[in-house]
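Please look over the sequence and the model before reading on. The paragraphs below go through local features in turn, with the coordinates as the reference.

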Amino acid sequence: MRAWRKFFTLVIVLVAAVFIAANWLLYYLNIPENGRPHRVEINRLALQIELNGFKNVDLSECEFVYNISEFGADFYDTAGDYLIREINGELYRFDYRKKNSPVNAQAAITVNVILAVMTAVVFGILLFVRGKIIRPFERLTNVPYELSKGNLTPPVKENKSRFFGKFLWGLDLLRENIEQQKQRELELQKEKKMLLLSLSHDIKTPLSAIKLYSKALSKDLYPDKEKQREIAESINEKADEIERYVTQIITASREDFLSLDLENGEFYLSELVQNIADYYIEKLKLVKTELVIGKYKNYLLFGDLNRAEEVLQNVIENALKYGNGKRVDLLFPDNDEGVLITVRNSGCKLNNYELPHIFESFWRGANSENIRGSGLGLYICRKLMHKMNGEIFAEINGEFISVTAVFSRA
């Protein structure tokens with residue numbers, strides 16, 4: 001805000017300077033009167049000399065001509081403005097002064113009114129910018145800092161401004177979503193801890209029994225073969241019980257740890273394609289990658305438009321990350337049961353035997369060496385497609401890999 005005040009002060013100084021300069025030009029510069037009114041007087045005086053003689057000429061009523069000289073010594077010796085005329089065979093010099101037109105009061109008022117209107121417009125624009133843009137943005141000054149500290153409590157005040165209203169609403173919604181995710185994460189961690197504690201306690205019982213049986217067998221406490229077989233079966237049962245508990249732990253650790261909320265509805269395929277094109281065309285030009293969009297029929301699809309964009313963006317990002325960066329195709333194969341959208345790129349280095357695993361969580365193929373990633377992108381895509389009653393699969397054909405999202409028609 002301090003920088004804004006400095007800028008506002010500078011504008012005031014500049015406006016004041018323009019006012020002063022304009023009025024100085026109006027009042028202090030000599031502005032010659034238009035035309036040559038002194039010639040009218042000289043013509044009139046020449047006619048009088050021609051008719052009545054030089055001695056009968058009266059200069060008292062002349063506004064411009066102040067002296068008339070007959071030809072003689074020092075006839076041309078003058079520093080002022082003059083005009084020479086030949087009258088009745090004699091040369092006469094008419095000395096005259098140029099008259100500067102007085103400042104027109106109406107013109108001065110007009111100029112100042114125009115400057116005042118321009119000044120009012122400039123200040124109006126500055127005040128509008130301050131009220132509609134600077135102030136709403138100033139409210140956000142501490143929001144990123146507070147969010148970075150994890151302080152999600154202070155709400156962002158809504159603003160009906162067409163410039164920042166939706167932005168402020170979105171920021172407040174983001175804050176609420178982060179707060180809800182944080183709360184869900186805490187609850188999930190609590191549930192997992194309770195589950196792990198419960199399972200670990202349950203594991204101790206069969207584990208103690210196994211240890212007890214194994215110690216008894218090692219000390220030959222059961223010489224009877226039938227009894228030994230019974231103990232061995234008990235150990236096997238306890239081992240199976242432990243295996244079940246371990247399976248529960250693995251399942252719990254791999255269950256949905258992501259909050260994938262959707263608002264399923266209906267949207268046109270053209271909306272989805274246009275949004276993807278708007279996002280990627282300029283971006284891919286910068287990295288000199290060609291984006292080719294095939295022909296398609298504008299079907300009405302079922303699902304969440306934003307989540308559908310997220311799926312295609314994840315797949316395209318993978319194509320850019322793991323492909324050779326030459327070209328990415330967005331194709332629409334014909335299918336009677338659903339609407340297929342295929343992202344195809346060249347430069348595939350993935351092995352065929354790895355293909356079934358690419359949609360698993362935290363799985364990364366041999367082609368991901370030295371490439372940063374979490375192994376969650378395609379896993380999230382599959383989860384989202386399932387929640388939109390769709391499917392996603394991949395195929396390898398030579399150096400090309402195609403990832404196809406199948407959407408349901410509305």
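A residue counts as buried when its relative accessible area is under 20%, as exposed when that area is over 50%, and as partly exposed in between. Because its relative accessible area is 33%, K283 is partly exposed, and the same reading puts E317, with a relative accessible area of 29%, in the partly exposed class. All of this refers to a predicted model, and the values that follow are computed from it.

K283 and E317 are a useful pair to start from, since K283 forms a salt bridge with E317 in which the closest N and O atoms are 2.9 Å apart. This pair links distant parts of the chain, with K283 in helix 7 and E317 in helix 8, 34 residues apart. Helix 7 also carries a salt bridge of its own, in which the side chains of K285 and E282 meet at 3.9 Å, N to O. K285 and E282 are three residues apart in helix 7 and are therefore separated by about one helical turn, and both of them are exposed. An α-helix has 3.6 residues a turn, so residues three or four places apart point the same way.

A comparable spacing is found in helix 6, which covers residues 225–254 and in which E226 and R229 lie three residues apart, about one turn of the helix. E226 forms a salt bridge with R229, the closest N and O atoms being 2.3 Å apart. E226 is partly exposed, with a relative accessible area of 44%, and R229, at 41% relative accessibility, also counts as partly exposed. Salt bridges that share partners join E226, R229 and E233 into one network. In total, the structure holds eight salt bridges.

Helix 8, which holds E317, can be checked for its length. Its 18 residues, 305–322, should span 26 Å at 1.5 Å a residue, and the C-alpha atoms at its ends are 26 Å apart, which agrees with that expectation. At the N-terminal end of helix 8, D304 acts as a cap, with a side-chain oxygen 3.0 Å from the backbone nitrogen of N306. Several residues of helix 8 are buried, including L305, R307, A308 and E309, and the buried set continues with V311, L312, V315, I316 and A319.

Between helix 7 (269–286) and strand 5 (290–293) there is a loop that contains K288. K288 has a positive phi of about 60° although it is not a glycine, and at 75% relative accessibility K288 counts as exposed.

A similar question of backbone geometry arises further along the chain. N389 lies in the loop between helix 9 (377–387) and strand 9 (391–397), and its phi is near 60°, a positive value in a residue other than glycine. With a relative accessible area of 53%, N389 is exposed. In helix 9, which comes before N389, the buried residues are L378, Y379, I380, C381, L384 and M385.

Strand 9 has two faces, a covered one made of I392, A394 and I396 and an uncovered one made of E391, F393, E395 and N397. Strand 9 runs antiparallel to strand 10 (residues 400–407), to which it is joined by seven bridges, and E391 stands opposite V406 in strand 10. The two strands form a hairpin with two residues between them, and G398 in the turn has a positive phi of about 70°.

Another hairpin is found earlier in the chain, where strand 2 (residues 81–87) and strand 3 (residues 90–96) run antiparallel and are joined by seven bridges. I87 has E90 in strand 3 as its bridge partner. This hairpin has two residues between the strands, and N88 takes a positive phi near 55°.

The surface of helix 3 remains to be described. A nonpolar surface patch of about 430 Å² is made by I109, V113, V117, V121 and I125. One of these residues, V117, is found in helix 3 (residues 105–138), and at 47% relative accessibility V117 counts as partly exposed.

How values were computed. Residues are numbered from 1 along each chain as its sequence is written. This is a predicted model: local features need pLDDT of at least 70, side-chain atom pairs count only at pLDDT 80 or more; totals for chains, interfaces and linings use all residues. Side-chain values use heavy atoms; hydrogens and water are left out. Patches are made of residues with over 30% relative accessible area and no salt bridge: like charges are joined within 9 Å, nonpolar side chains (Val, Leu, Ile, Met, Phe, Trp, Tyr) within 5 Å. Accessible areas come from the Shrake-Rupley method with a 1.4 Å probe; for residues, only the protein chains shown count as cover. A salt bridge is a side-chain nitrogen of Lys or Arg within 4 Å of a carboxyl oxygen of Asp or Glu. Helices (H or I, at least four residues) and strands (E, at least two) are DSSP runs, numbered from the N terminus. Buried means under 20% relative accessible area, exposed over 50%, partly exposed in between (1.4 Å probe, protein chains only). The expected span of a helix is 1.5 Å times one less than its number of residues. A polar contact is a pair of N or O atoms within 3.5 Å; within protein, one must be able to donate a hydrogen and the other to accept it, and residues adjacent in sequence count only if both atoms are side-chain atoms. Two strands pair if DSSP finds at least two bridges between them.
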